[in-house]
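User: I'm new to this structure and would like to get to know it step by step. Could you walk me through it?

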Amino acid sequence: MDKPGNVHIAKNIKVMEWLKTEIIEHVGVLFKGLYHGKESLIIDSMASLLIAIYVLARRIGIPFHKLDQAMMDKLQEHKREGHEIEKWYGDLSVLEQYIKK
């Protein structure tokens, strides 16, 4: 008979696989929304992507605050290295200021 811990591990693996497929699915929906210019579809798919990414991070043992910090570090790195999006539009600085609030 399976030990209760084995069931938990199998369930966790299944959830992680499901989350990965959710991410792929929502990227596809995002592209469709962009193609058709449907803002509601774009926003919904982006929100779903963010949720799936955060939950997947948690499932693999990465706390939300570590993911947030890694994102802030990456924003600062891109700014320091002169990323084109920052040079052209300043989007990275705007995002960093928004997150800090």
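User: Happy to start with a pair of charged residues. In which helix do glutamate 77 and lysine 74 both lie?

Analyst: Keep in mind that this is a predicted model. Glutamate 77 and lysine 74 sit three residues apart, about one turn of the helix. Residues three or four places apart point the same way, because an α-helix has 3.6 residues a turn. The helix that holds both glutamate 77 and lysine 74 is H3.

User: How far apart are the closest N and O atoms of glutamate 77 and lysine 74?

Analyst: These two residues form a salt bridge, a term that asks for a nitrogen within 4 Å of a carboxyl oxygen. Glutamate 77 is partly exposed at 26% relative accessible area, and lysine 74 is partly exposed at 40%. The closest N and O atoms of the pair are apart by 3.7 Å.

User: How far does helix H3 reach from its first C-alpha to its last?

Analyst: Helix H3 covers residues 64–80, which makes 17 residues. At 1.5 Å a residue, the expected value is 24 Å, and the helix comes close to that. After H3 comes glycine 82, with a positive phi near 75°. From first C-alpha to last, H3 reaches 24 Å.

User: Is methionine 71 buried, partly exposed or exposed?

Analyst: Methionine 71 has its place in helix H3. Its relative accessibility is 35%, and the partly exposed class lies between 20% and 50%. Methionine 71 therefore counts as partly exposed.

User: Which helix gives the largest share of the nonpolar patch?

Analyst: The patch on the surface is formed by Met71, Leu95, Tyr98 and Ile99, with about 370 Å² of accessible area together. Met71 belongs to helix H3. The largest share is three residues, and the helix they come from is H5.

User: Staying with H5, what separates lysine 100 and glutamate 96 along the helix?

Analyst: Lysine 100 forms a salt bridge with glutamate 96, with the closest N and O atoms 3.7 Å apart. The two differ in how they are covered: lysine 100 is exposed at 60% relative accessible area, whereas glutamate 96 is buried at 6%. Because they are four residues apart in helix H5, what separates them is about one helical turn.

User: Which residues are linked with Glu96 in a network of salt bridges?

Analyst: By the salt-bridge rule, the count comes to four. One of these bridges joins lysine 100 to glutamate 96. The residues linked with Glu96 in the network are Lys79 and Lys100.

User: Moving to helix H1, what is the N to O distance between lysine 20 and glutamate 17?

Analyst: Both residues lie in H1, three residues apart, about one turn of the helix. Lysine 20 is partly exposed at 38% relative accessible area, and glutamate 17 is partly exposed at 41%. Their side chains meet in a salt bridge with an N to O distance of 2.8 Å.

User: Which helices each supply at least two residues of the largest nonpolar core?

Analyst: In soluble globular proteins, nonpolar side chains tend to be buried together. Here the largest nonpolar core has eight residues: Met16, Leu19, Ile23, Leu30, Ile42, Leu49, Ala52 and Leu56. The helices that each supply at least two of them are H1 and H2.

User: Leaving aside neighbours within four places in sequence, which residues is serine 45 in contact with?

Analyst: Serine 45 lies in helix H2, residues 39–59. It is buried, because its relative accessible area of 0% is under 20%. Leucine 30, a member of the core, has Ile42, Ser45, Met46 and Leu49 as its own contacts beyond that sequence range. For serine 45, the contacts are His26, Val29 and Leu30.

User: Is glycine 33 buried or exposed?

Analyst: Glycine 33 lies in helix H1. Leaving aside neighbours within four places in sequence, it is in contact with Lys38, Leu41 and Ile42. Since its relative accessible area is 0%, glycine 33 is buried.

User: One last distance: what separates the C-alpha atoms of arginine 58 and methionine 16?

Analyst: Arginine 58 is in helix H2 and counts as exposed at 52% relative accessibility. Methionine 16 belongs to the largest nonpolar core. The two are 42 residues apart along the chain, and their C-alpha atoms are separated by 9.8 Å.

Methods
Residues are numbered from 1 along each chain as its sequence is written. This is a predicted model: local features need pLDDT of at least 70, side-chain atom pairs count only at pLDDT 80 or more; totals for chains, interfaces and linings use all residues. Side-chain values use heavy atoms; hydrogens and water are left out. The expected span of a helix is 1.5 Å times one less than its number of residues. Buried means under 20% relative accessible area, exposed over 50%, partly exposed in between (1.4 Å probe, protein chains only). Contact means heavy atoms within 4.5 Å. A nonpolar core is a set of buried Ala, Val, Leu, Ile, Met, Phe, Trp, Tyr and Cys residues joined through side-chain atoms within 4.5 Å. Patches are made of residues with over 30% relative accessible area and no salt bridge: like charges are joined within 9 Å, nonpolar side chains (Val, Leu, Ile, Met, Phe, Trp, Tyr) within 5 Å. Accessible areas come from the Shrake-Rupley method with a 1.4 Å probe; for residues, only the protein chains shown count as cover.
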